[in-house]
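Here's a quick tour of how some helices pack, what sits around the ligand, and how far to trust the coordinates. Have a look at the structure first.

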Amino acid sequence: MAPPFAAKETASHAKCTAVASAFSEALSRVPAQARDPWFDSLCGFHAIPEDDPALPHGSVPYLPCPVATVLAAIAHANVTSEDVFVDIGSGIGRVALLVNLVTGAQCIGLELQPKLVAAARERANQLNLRGVSFVLADAVAALRRDGTGTVFFLYCPFSGTHLEQLLEVLEHVARRRSLRICCVQMSPLDRPWLTRLQSPNAELEIYRSTFAARE
Ligand SMILES: C[S@@+](CC[C@H](N)C(=O)[O-])C[C@H]1O[C@@H](n2cnc3c(N)ncnc32)[C@H](O)[C@@H]1O
């Protein structure tokens, strides 16, 4: 059965906003500790999938970010329906789906593992969410080709050289447009072009770029 907030067509801004408000209302009625199983059941996520044995060295395997952490990131990074939210290493799409449903923002997931991307696309289709898309790619390569996004979410997808490369790409993007970056369970991003915003706890850090935006 379709969830109460489902819409046949969610592409227009007004419809995305209406869906977001109905979904947020439904979510607010679920006790905080029951929100992860509630959301998983809604999306049909029943088990954590096995990782691809070909996952490159340095890439972190799939692990879902708790709903409470995603909601805190939305609140503290002030994600709105005007944003383009990018989940770097999107797994089965849980974060991108949740952010789209709560805020109405256009959401893009970048993920290396084909099976996870297929699962994410299937869920987005089943929920009839047109504002969510998933790209099968290395996130750094994808952002080099197309630096779309105003909010970037990282639940520790990788570290080391790959993270350095990602930050170089994001620095280029930030010279054109103001960005926010949400990091979960990661070492602090110490960059002169980033300022740290207030966050609710040590496991979530939120940053804003400091270049004057040109777009
Ligand atoms: C800790 S999981 C986070 C999943 C999702 N963001 C969430 O919070 O539910 C990290 C994900 O990053 C993906 N990943 C790792 N390296 C990547 C890369 N270079 N490009 C794209 N995705 C990558 C992994 O396959 C995995 O699904």
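## Helix 1 against helix 4

In this predicted model, helix 1 (residues 13-28) packs on helix 4 with the two axes 5 Å apart and an angle of about 105° between them. That angle falls in the 65 to 115 degree band, so helix 1 and helix 4 count as roughly perpendicular to each other.

Who does the touching? On the helix 1 side we have Val19, Ala20, Phe23 and Ser24, and they meet Leu101, Val102 and Thr103 of helix 4. Sorted by class, the contact of helix 1 with helix 4 has five nonpolar residues and two polar ones, with no charged residue taking part.

## Helix 3 against helix 4

Helix 4 (residues 94-103) also meets helix 3 (residues 67-76): their axes come within 11 Å and cross at roughly 50°. Helix 3 and helix 4 are therefore oblique to each other, and their crossing is right-handed.

Helix 3 brings Val67, Val70 and Ile74 to this contact, while helix 4 answers with Val95, Leu98, Val99, Val102 and Thr103. Here the split is seven nonpolar, one polar and, once again, no charged residues. Val102 and Thr103 turn up in the contact with helix 3 and also in the one with helix 1.

## Around the ligand

Which residues come nearest to the ligand? Out of the 25 residues around the ligand, those are Ser59, Cys65, Gly89, Gly91 and Pro157. Helix 4 shows up here too: along with strand 2 (106-111), helix 4 is an element that gives two or more residues to the shell.

As for the make-up of that shell, it counts 15 nonpolar residues, six polar and four charged. So much for the pocket; on to confidence.

## How far to trust it

Overall, the numbers look like this: the protein chain has a mean pLDDT of 91, and 93% of its residues reach 70 or more.

The stretch to watch is residues 1-10, where pLDDT stays under 50. The model does give those residues 22 contacts beyond four places in sequence. Still, where pLDDT is low, the predicted coordinates shouldn't be read in detail.

Definitions and conventions. Residues numbered from 1 in each chain as written. Predicted model: local features only at pLDDT ≥ 70, side-chain atom pairs only at ≥ 80, totals over all residues. Axes fitted to C-alpha atoms, helices over the stretch in contact; angles between N-to-C directions. Helix = DSSP H or I, 4+ residues; strand = E, 2+ residues; numbered from the N terminus. Parallel < 35°, antiparallel > 145°, perpendicular 65-115°, else oblique. Left-handed = near helix turned anticlockwise from the far one by under 90°. Contact = placed C-beta atoms within 7 Å. Nonpolar A, V, L, I, M, F, W, Y, C, P; charged D, E, K, R; others polar. Near = placed C-beta within 6 Å. pLDDT = per-residue confidence, 0-100.
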